[in-house]
Every structure is written in structure tokens, then in C-alpha cells.
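Please walk through the model below from its overall dimensions down to single residues. Cut-offs are given where a term first appears.

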Amino acid sequence: MDFNKLKEECLKAGILDVEVYQVTSNESSVSTFNGSVDDNLVCSKNEIYVRGVYNNHIATIYTEFDDDSESSNIINRIKSQTSVIESNEPYFIYEGSKEYPELVDTKHDYDDYSQADKIKLCQDLEKYFKDNCKYVDTTGVALEVTEKVVSIKNTKGLNVSRKSKTALVYADAVVKKDNDVKNNSYYTFLDNLSDLNKEEYFNFAVKRTVDSINAKSIKSNTYPVVFENKQFSSLVSCFLSMFSADAVNKKLSLLDGKLGQKVFNENITITDEPLCEKSHRKVTFDDEGVAASDTKLVVNGVLNSYLHNLKTAEIFNTTTTGNGFMNSSGEIDVAPTNLCFKASNNTFDEMIKDIKEGVFITDLMGTHAGVNPVSGAFNLQSSGFMIENGKITKPITLIIVSGNIIDVLNDVKCISNDFEVNGRVGTGSCYIGSMQVSGNE
């Protein structure tokens with residue numbers, strides 16, 4: 001779609017401003033199950049969101065047709081949608097930032113692997129699982145390589161684009177031992193497929209599963225609790241809205257009215273880092289075209305800032321933090337890029353060495369239902385292992401961890417240095433001083 005032609009036709013039709021947000025992606029995916037090919041797919045996708053201002057209202061149109069002949073349809077749809085809008089909320093077509101950060105071009109070896117090579121990589125990992133553990137019954141591995149280009153052009157002069165290329169390898173295993181059946185999975189993003197560490201996948205997808213055989217529940221009590229890094233990311237992800245200025249404006253944030261106040265423990269520092277080195281989701285600008293930059297949200301427990309898009313920045317009379325991101329309906333929400341918790345210098349083993357009796361959480365379930373992002377409360381079925389005299393010991397299951405995210409973040413004793421980014425949250429494993437754990441006793 002020629003933007004200049006679309007712009008001219010829109011202006012002739014009385015549409016004063018127009019913006020085209022386009023995402024093109026190419027994906028190759030393979031998967032194997034018990035050594036046999038389960039999936040082998042190569043596909044491309046083109047998504048276009050056109051925002052247009054007509055009669056002082058803005059509408060967003062979605063299309064997958066990247067063709068100049070689509071212009072008249074887009075114009076008619078913009079006019080039709082704006083004609084039924086009654087609200088007078090502010091809208092923004094951004095003219096662009098003065099400077100944009102440069103994304104270092106990471107070298108990948110993805111293109112060196114054919115689809116057949118990727119299938120063999122999956123099969124070899126499955127074979128490694130079965131060759132190294134007699135209890136493995138069922139295995140599955142999936143590999144996805146995605147290349148994506150995001151571009152934004154508008155009548156205010158904005159013209160930006162960013163590229164990303166990622167590879168995700170996901171593996172799961174089912175083990176049978178002592179009349180018990182357990183399954184587990186593990187995944188990582190890889191800069192190079194040749195970096196895939198079979199032993200690492202084996203330790204998390206297979207060995208940990210075997211170690212969890214014959215797991216039992218425990219006595220209900222308050223315990224020191226350690227969340228593995230992936231699980232702490234999962235827990236925090238349920239409450240990301242508390243940092244959103246949009247949620248604050250709607251009185252739906254736990255941190256409403258808390259700017260400049262101590263909200264968490266002094267050892268908590270949280271920064272939104274769009275170019276976090278360890279993240280495979282780096283952005284140089286948000287979906288409104290605002291240049292990316294770090295935002296210190298919490299410094300030594302004190303709330304320093306909320307996350308803003310252009311709209312909330314206008315409402316709060318401040319500057320956007322570059323956190324305007326498009327949701328599935330084409331509307332601009334407020335969301336973090338990589339919400340990073342500052343880790344300590346302590347290793348995981350150093351962090352737990354003084355815990356006499358505690359709980360190590362390696363799996364959280366029900367995060368879609370067992371949380372209340374407005375009150376901060378959560379009640380989640382979990383499993384993991386006991387910590388006894390500073391060591392990981394027997395497996396436990398059928399337990400429920402309960403609490404409030406504000407209380408949790410005020411009782412953090414340590415965040416270990418096993419930092420990794422999962423989803424939109426980056427953290428190490430996290431040691432909470434005391435939490436309610438419900439078992440069957």
C-alpha cells in the first residue's frame with residue numbers, strides 16, 4: 001500500500017490525519033512427537049491498522065490487504081465508524097521523537113538451518129531425553145523461528161520501523177515411575193540454534209519431572225517461600241496494571257496516589273527497559289512511534305513513576321514514557337516493555353542457604369483465574385520442592401500459595417542473580433520471608 005497515495009485520497013475525503021501501522025511477519029515452525037514429525041509449517045502474515053481522524057473523531061481500521069485498491073474501503077470504514085462515536089476523548093497522531101535508539105544487530109544462524117535440519121534438531125533432543133532417562137515415556141519438541149517488521153507512517157511526518165528475529169525451542173516430557181506419572185516442560189529463546197543446550201533442557205524437562213515423582217502435600221502453615229524466576233515472572237505479570245497510568249486514572253491501580261511514597265521493600269528497584277540485553281523482545285519505539293527509553297518505576301522501594309502513553313501523559317500533565325502498545329482491537333493501551341527487577345549478587349544457592357524449612361515453587365497454576373489485579377490478592381495452586389537446611393529436598397504438590405502482591409513485594413528478602421526475562425517481566429528467583437501455604441493437613 002502506497003502511503004502517499006492513501007494520504008492524498010484521505011485528505012480529499014476530508015480525513016485530516018491518517019496513520020498506518022503495519023506488521024509483517026514470517027514464521028517457520030516444526031514440531032516432533034515421540035520422534036515423528038508432528039508439524040512442518042512456513043507462513044507469512046501481513047497486518048495493517050489504519051487510524052484516521054474525521055469530524056474530530058478517530059477510528060482504527062484493520063485489514064490484511066496491502067493493496068492501493070483498498071484505499072476507498074478504508075476511507076468509507078473510517079467515516080462510518082467515526083460517525084457513531086459520541087465520546088470526546090483526546091486522540092493523538094504523533095509527529096515523532098527527535099532521536100531513536102539504535103538496536104544492535106544480533107547475528108543469528110537461523111537461516112543456516114533448513115526445515116529438515118530443524119526437524120532433526122527436535123528429534124535429537126527427544127532422543128537425548130530417552131537415552132539419558134529410562135523413565136521417559138512421551139516426549140515432544142517444538143521450534144519456532146519468527147521474523148517481524150513493525151513500521152509506522154503518518155501525516156505528521158512520523159516514519160519509523162524496527163525488525164526482530166527470534167527462535168523459541170519448547171520441549172516437554174512425560175515420565176512414569178513407581179506407578180506415578182508426571183509431566184513437565186521447558187523453553188528458551190536462542191540467538192543461535194547451535195547454542196541449544198541439551199543438558200539444560202534435560203535437567204528442567206526430564207530430571208526435575210523424575211524428581212517430582214511421588215510428591216505429596218504438606219501441612220498448612222506460613223513458610224519462607226522461594227519462587228523460581230519463571231514463576232515469579234508469572235506471578236508479577238498478573239499485576240502489571242498497577243504500574244499503568246491508565247489504570248490509575250480509572251482508579252483500578254493498587255498504586256493510585258502513591259507517587260513519591262514507599263510502596264515496596266527497600267531492596268526493590270524496578271525499571272522498564274525496552275532494550276534489556278537479556279530480553280528477546282527489544283523495542284526502539286512504542287506503537288505510537290515514541291522513542292524507547294528506560295523508566296525507573298520503583299527505586300529502593302519508592303514509587304518514582306507510572307507508565308504512560310500519549311493519552312495518559314496528557315491527562316496527568318506529564319511526558320509519555322513510551323509505553324503505548326496496541327491491543328488486539330487496535331486500541332492503544334499502556335503496557336511495559338521489559339519490567340526488570342534489580343537482582344542481587346547472590347547465587348540461588350547462596351540465597352537459600354539459611355532457610356531451615358521453606359517452600360520452593362517451580363510451578364504455578366490458575367494465574368488466569370486465581371488473581372485479583374485490582375485488590376492484589378492471589379490464591380494459586382502450586383507445586384515444587386521443600387527447602388530444608390538450605391537444600392532443595394523432597395517434592396511437594398497439591399498446595400495453594402495465597403497472599404497479596406503488595407505484601408509480597410514488601411517482604412522480599414532477596415532476588416538471586418539467575419536473571420531472565422519471561423514475557424514482559426525480567427527477574428531472578430525471589431525469596432519471600434513468609435507466605436501462607438495451604439496443604440492437605
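How many helices and strands does the protein have? The protein has nine helices and 20 strands; these are DSSP runs numbered from the N terminus, helices being H or I of at least four residues and strands E of at least two. The model is predicted: local features need pLDDT of at least 70, side-chain atom pairs count only at pLDDT 80 or more, and totals for chains, interfaces and linings use all residues. Residues are numbered from 1 along each chain as its sequence is written, and side-chain values use heavy atoms, with hydrogens and water left out.

Overall dimensions come next. Along the principal axes, the C-alpha atoms of the protein fill a box of roughly 75 × 55 × 35 Å. The radius of gyration is 24 Å, which agrees with the value near 22 Å for a compact globule of 441 residues; the radius is taken over C-alpha atoms, and the globule rule is 2.2 Å times the number of residues to the power 0.38. The accessible surface comes to about 21,000 Å², and 44% of it belongs to carbon and sulfur atoms. Such areas come from the Shrake-Rupley method with a 1.4 Å probe, and for residues only the protein chains shown count as cover. Of the 441 residues, 50% count as buried, where buried means under 20% relative accessible area, exposed over 50%, and partly exposed in between. Among contacts (heavy atoms within 4.5 Å) between residues at least 6 apart in sequence, 69% join residues at least 24 apart.

One open sheet has six strands in the order 3-2-1-4-5-6, with antiparallel pairing; two strands pair if DSSP finds at least two bridges between them. Strand 3 (57–63) and strand 6 (180–189) are the edge strands, each pairing on one side only. On average, neighbouring strands of this sheet are turned by 15° against each other, direction ignored. Angles run from 0 to 180 degrees between N-to-C directions, and axes are lines fitted to C-alpha atoms, for helices over the stretch in contact. Within the sheet, strand 1 (residues 17–33) and strand 2 (residues 36–54) pair in the antiparallel sense over 17 bridges, and the bridge partner of Val 30 in strand 2 is Asn 40. Helix 2 (residues 71–82) packs on the sheet, where it touches strand 2 and strand 3, and its direction makes about 135° with that of strand 3. Helix 3 (residues 115–132) also packs there, touching strand 1, strand 2, strand 4 and strand 5 (159–177), at about 140° to the direction of strand 4.

Two residues of strand 4 can be looked at individually. Thr 138 is found in strand 4 and, at 16% relative accessibility, counts as buried. Beyond residues up to four places away in sequence, Thr 138 touches Phe 33, Asn 34, Asp 172, Ala 173 and Val 174. Glu 144 lies in strand 4 (residues 136–154) and is partly exposed, with a relative accessible area of 34%. Leaving aside neighbours within four places in sequence, the contacts of Glu 144 include Glu 27, Ser 29 and Thr 166.

Another open sheet of six strands has the order 10-9-8-13-19-18, with mixed pairing. Strand 10 (302–303) and strand 18 (420–422) stand at its edges with a single partner strand each, so one side of each is left without a neighbour in the sheet. Strand 9 (residues 295–299) and strand 10 pair in the antiparallel sense over two bridges; in strand 10, Leu 303 is the bridge partner of Val 298.

How values were computed
Buried < 20%, exposed > 50% of the residue type's maximum accessible area, 1.4 Å probe, protein only.
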